[in-house]
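Dear colleague,

I am passing on the structure we spoke about, and the sequence and coordinates are set out just below. After them you will find a short account of what came out of going through the structure.

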Amino acid sequence: MGKSKKQVTGHRYYANLLLFIGNPIEKVLGINFDKRGWISPFVDENGNPLAQGIINKPFLYGENEGGVAGTVHVQYGRNDQEVLPFYKSYMESKGLPASSFPFQSYLAFTGIKIDFSGIVGGIAGSLLPYSEGGFYLGNSGYMKEMLLWVKRIHVRNDGRTQWYDEKAEIGTEHHSGDSSILLPEGFHYFSTKTVEKYSYWDNENITTSETGEYNTKPDRTSAAMQYFGALAIGVSIYNTDQEEYFGGEHYTYFEINNFPNVGIATATYQLRVAAKNFSKKWTVLSPEALLYDRKISTVIDGVYRVETYEVAIDLSKASFIKFEIGCSGGVLLTNGSNTIYAGTDIAFDVKADLTWFSFDSGDINPIHKIREILTDDTAMSKPESDVNNVNFMKAADRIWDEGLGISWSITEKSCLEAINELCGHIEAGVRVNRQTGLYEMVLFRDDWFEESEIHTIAINKIKSMSLEVANADEGINQLNVSYYNRDAIKDSSFSIAENASIRNLNGRVNAEDADFPYFMNQRNAAVVSQWKLKQMSSPVWKGSFTTAEYNARKWNRYDLLKLAWPRKWQGEITVRIMKINLGKGADVSIDFVEVVPYSSHLWSDVVIDEPIDVGVQPPLACPYEPFEMPYYLAVMALGQRQVDEELSYENNFGLVGVVAEQPQSNSLYAVMMTHDGTEGEEWLRAATINYEPVAELDQIISRTSTNFTVKDSAAISGLPIGTLIKCGSDWIGTPGEWMVFIGIDPYTGVVSVKRGALDSLPQEWGAGTKLYFCGNDVAYDSTEYVAGEEVLVSALTTTPSGMLENKGSIAIEMNARAIRPYPPANVKFNGNYFPETHVISNDILLTWAHRNRAQQTGGEIIGWFDNGVTLENGVTYSLELSTVQDGIIHSAINISSGSYTIPASVLLQNKAHKLKLWSLRDGFKSYQIFEHNFFVESVSLVLTATLSKDKVIGSTVPAASISVNVDESLKVNMRFDGSSISGKADPGATITIEIEE
């Protein structure tokens, strides 16, 4: 007989290997073998990256095929990373050097040592797939497919911290923001429905009734913003002494939808209950979406029980959220001898701690990726100075708010192809600004460009026009959308259709594909595909035109243009410039396509055209500014003779005026309503307000600025020179300013004005301040008010459907403005406007220009910086100089000239000073007082001294003195010429000069 042979029934395979990922990374979030699930041993409980992880899945592929087990070391591509010990040992055994591979990220797979002494059941260690010699790969002779989930968002490709890092990651954690906001933008609140069904005794009969009503959303600007909704249900039982009994059913609910479908939403809410029994229920798409709804605390507050709950919902598994609360039974409270209240009070309170987050599955902001492609030395290698940083930050902010994060892994792709694909994911474009030479992002959104940034061109400037209608007959009405589903680890798809277009084509579907390989969730793909479908299904004009207009050479690709062409359409359409071709000579050829408005609404699988609103638009609140009318405007309203007569009879006389901005196109005017504050009096209709052209400052302007930009210059481009401008508010304690319109540059849109007109002074104004171009004719209340009265003013919009309800007013305190002299103008300090500092040794020569209230009622309106006029009769000037610590340190009255000298001797060294200068006549100060703060500085010491036998004594400024003590034993030859001391002494001698301050 021969010897028996050992039969081999299987092998286990082990290996030590390096798996290179590429450039520096931030984390390894997981590893997935053969799509059997993600294993994540590479981050701790706080999400911090670990240097190594233990994988112990020996039967991942099944009992026969085995699994994986061992240690995985992670190198993140740092420049100072060390050589892994096992790799160094291996290379040295071969006589080769070992590299740490700086700036390269990789995984190192090694074995694992396990102590089997504690294994129960006597399982032999040799049967377990662990080995110190290598990583267990399974029982087959090859490695199975391995997926890596690698994150690099907060570090750049070269290892530096990410540019604009706070907006680099999208999806990890979004908060609701300000504590006054209940829900993040994009959440929709549905009305609550309250249904009551109750029974009670009324001495003789049992009565049952049932009512129902719909309650509207709570006002988010009031105290009710603390609540999703509130329900107070009660029944009053009068004139009964029957048994205390209350029964019935009550419930209410609220719904929210249109939220991000990734991550976890958490919230707290409170129930304030006075009921024997109550029930509550959260309804979501699937049972597993409700992770928990647990009670945190219970507090007894009198007859009420206040219960606080915490809820968590997996948004990826919920298409809507509904909360229902109901109760039955109640408590009876005696209110008086025979009045009994039976009921319950329920309030559910979800405050601003609502948070949704997706743990570590965040995506990178595509703006950051585009910028990296432009600037990285492995890509286009453009200098970072070639990128418009402000513009890219604006785009990053917008994409972050929209939540359009992307993830990608590419092996080979051209830079331009990659940028175009990313721009297609977010509906955007990259351009080089032809004026600045900088790279810029343009997001194709309705509000990306300000109105003032949209170009215009006259029809007669167009030499030739070539037009066609895109999407006219065979417009795309359905998109078959594909994206990458990160959760399912595969490409996924859905369709989105424009039903109205399909019906117009008798049910025929014209479909096209839309691929979003870098979107990891359906939500992002649905948002952008809806925008694309709206464009592709809408007939639009496209074409090109040729012009010799000089400004066309300054335009940029993707700019917007208001284009008129009466042969084809009425009025103007907005087009986007797609290409600019500079021809020979002055001709420029512009390729364009009509802009289709975008929509931020998200529909899960069907896009439905919004119905056209043919109803009458209700009145909306209009922005307005009330003020006490200066003498000039009072004269324009009533005539100078009447105003002077009124002032001679009652010098405290004053009128209230108002200017307003048109809030909507179907409102032709507003109504000025006033109230004198007297209790019991009614509001009076004072005047009809004709809307004024309005522009907003697009920059901060100082007191000396006479040229600035506004956001909507088109609204004021046709106004006549000399139009008065109301700027700022004249509310209690906040005086405004009057300006005079000089013109607007047609090329740059820069507005030129005169500052500080009439009885106002130039002031600093911030961006967004409204300018009302009202001229001389403003709406006013003909009621004559006197100084000290407080007038409430409201401007109510009118439309064909009615007048706006009066929901608020602005108080104006009367100050006898019409009788007061105009303040001094053109004030200078030693020839300078508004100096910040002054040297203590110098006098201050103040100069100013006269203004004349009675004279300046005709002709051109004078600005604050203009030359003076004849001084009004009886007007003098007064001034005060003060410091915070010392109060008034100098003052003067009855100054009749246009200048005054403040001596240096009254100034205080190294202190902030405030100067006040005003006009005075017949006991009335000017309506506004000139004020300016400046700092008084010390000066360098200048020696003036007298030489005597034993010392030199002198002084510079009154606060300082200098003395020089001379040692009489020294033989010196000293000379003093009034500005310096010079001399010599024996070698080794010392000359001491003491300076006393």
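The secondary structure of this protein, which is a predicted model, comes to eight helices and 66 strands. Of its 997 residues, 44% count as buried, and the accessible surface comes to about 50,800 Å², with 48% of that surface belonging to carbon and sulfur atoms. Among contacts between residues at least 6 apart in sequence, 70% join residues at least 24 apart.

Turning to the interior, the largest nonpolar core has 53 residues, of which Ile367, Ile370, Phe392, Met441 and Leu443 touch the most other members. Helix 6 (residues 522-537) gives this core its largest share, seven residues. Leaving aside residues up to four places away in sequence, Leu443 touches Ile367, Ala395, Arg398, Ile399, Ile426, Glu427, Ala428 and Trp448. Another core, of 27 residues, lies apart from the largest one, and its members include Met629, Ala634, Cys774 and Phe924.

There is also a helix pair to look at. Helix 7 (residues 631-638) packs with helix 8 (residues 640-649) at an angle of about 120°, their axes being 7 Å apart, and the two helices are therefore oblique to each other. On the helix 7 side the contact is made by Tyr631, Ala634, Val635 and Leu638, and on the helix 8 side by Gln640, Gln642, Val643, Asp644 and Leu647. By class, this contact has six nonpolar residues, two polar and one charged.

With best wishes

How values were computed: Residues numbered from 1 in each chain as written. Predicted model: local features only at pLDDT ≥ 70, side-chain atom pairs only at ≥ 80, totals over all residues. Heavy atoms only, no water. Helix = DSSP H or I, 4+ residues; strand = E, 2+ residues; numbered from the N terminus. Buried < 20%, exposed > 50% of the residue type's maximum accessible area, 1.4 Å probe, protein only. Contact = heavy atoms within 4.5 Å. Areas by Shrake-Rupley, 256 points an atom, 1.4 Å probe, with all protein chains shown as cover. Core = buried A, V, L, I, M, F, W, Y, C linked by side-chain atoms within 4.5 Å. Axes fitted to C-alpha atoms, helices over the stretch in contact; angles between N-to-C directions. Parallel < 35°, antiparallel > 145°, perpendicular 65-115°, else oblique. Nonpolar A, V, L, I, M, F, W, Y, C, P; charged D, E, K, R; others polar.
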